[in-house]
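The following questions and answers work through one model, from its charged pairs to its sheet, with terms explained where they first appear.

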Amino acid sequence: MDRSNIAAQMYTLREFTQTPEGLRESLRKVSSIGYQAVQISGIGKIDPQLVKQYADEFGLKICATHVPWDRLVNDLDALAAEHKLWDCKYVGLGSLPGEYQTSQEGYRTFTKLASGIARTLKEQHGLQFVYHNHDFEFEAFDGQTGIQVMLQESDPEAFGFELDLYWVQAGGGDPVEWIHKVEGRMKAVHFKDMAILNKKPVFAEIGEGNMNYGAIIEACRKTGIEWYIVEQDVCQRDPFESLEISLRYLHSRLEAEQ
């Protein structure tokens, strides 16, 4: 991890990015905070050319995306063209469609379909499919969790992962253990912290919660993570301030190493 490969997940700022003007201003603020890269997700229907123009204007690399499942199934060539325009390798699916979530067979069906799409992205377009988890993938069906099905039955050469470490923790998994489980199949990871508020787990800025980010960062480095993406689904304060607090914590860790 270094300063240049820490990115902001724009989903954190989704309430500000539904218009071209809002997206441009949000990217300006993200750049002024100190981020050098972003993940595009949760923005409005904005011309991909404008998205690229604004990102370039503020010196922000587009490192990854989250895209709808429907576009992966029905609009793959156009989707690939957008990613090439953005010079963005990692095509992410933010969540498993609901129809596949309730059985082991559902996970198997999805994994087979997604592996085929992932192979097309890789072989025809030079892009990498990555799957972003929540906690529900850790539910077991017939003794096997959904995420285990994905890991074991997907095409390891094409189907990648973008683990969200908060959600791994929420699902009862060990974030460090899972980082090692997907070694070689994960180059982008989601960082966010978990705190307890009023006896319930809540999203927190990195360093403001209880997750062991020292061990997490070490595991990410050992397994060759390329992009460290800061996301916070719900913020207890202004989302830009939350992104700044998380970045400040990560920079402080880098400075402590020098």
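Q: How many salt bridges does the count come to by this rule, a side-chain nitrogen of Lys or Arg within 4 Å of a carboxyl oxygen of Asp or Glu?
A: This is a predicted model, in which local features need pLDDT of at least 70 and side-chain atom pairs count only at pLDDT 80 or more, while totals for chains, interfaces and linings use all residues. Residues are numbered from 1 along each chain as its sequence is written, and side-chain values use heavy atoms, with hydrogens and water left out. With the nitrogen-to-oxygen rule applied, the count of salt bridges is 17.

Q: Which helix does R108 lie in, and which helix holds E153?
A: The side chains of R108 and E153 form a salt bridge, with N and O 2.7 Å apart. This pair links distant parts of the chain, its members being 45 residues apart. Helices here are DSSP runs of H or I with at least four residues, strands are runs of E with at least two, and both are numbered from the N terminus. On that numbering R108 belongs to helix α5, and E153 belongs to helix α6 (residues 146-153).

Q: Why does R108 count as partly exposed?
A: Buried means under 20% relative accessible area, exposed means over 50%, and partly exposed lies in between, using a 1.4 Å probe and protein chains only. E153, the salt-bridge partner of R108, counts as partly exposed because its relative accessibility is 37%. R108 likewise counts as partly exposed because its relative accessibility is 32%.

Q: How far apart are the end C-alpha atoms of helix α5?
A: The expected span of a helix is 1.5 Å times one less than its number of residues. Helix α5 has 22 residues (104-125), so it should span 32 Å. The model agrees with this expectation, because the end C-alpha atoms are 31 Å apart.

Q: Is D164 buried or exposed?
A: D164 is found in the loop between β8 (159-162) and α7 (165-170), and salt bridges that share partners join it with K192, E231 and D233 into one network. Leaving out residues up to four places away in sequence, D164 touches H132, N133, H190, K192 and E231, where contact means heavy atoms within 4.5 Å. Because its relative accessible area is 0%, D164 is buried.

Q: Which element gives the largest share of the largest nonpolar core?
A: A nonpolar core is a set of buried Ala, Val, Leu, Ile, Met, Phe, Trp, Tyr and Cys residues joined through side-chain atoms within 4.5 Å. The largest one has 77 residues, and those with the most contacts inside it include F110, L121 and F191. Its largest share, 6 residues, comes from α5.

Q: Which strands are the edge strands of the open sheet?
A: Two strands pair if DSSP finds at least two bridges between them. The open sheet has 8 strands with parallel pairing, in the order β8-β5-β4-β3-β2-β1-β12-β9. The strands that pair on one side only, and are therefore the edges under the pairing rule, are β8 and β9 (188-191).

Q: Which residue in β12 is the bridge partner of A8?
A: Strand β1 (residues 6-9) and strand β12 (residues 227-230) run parallel and are joined by 3 bridges. In β12, the bridge partner of A8 is V230.
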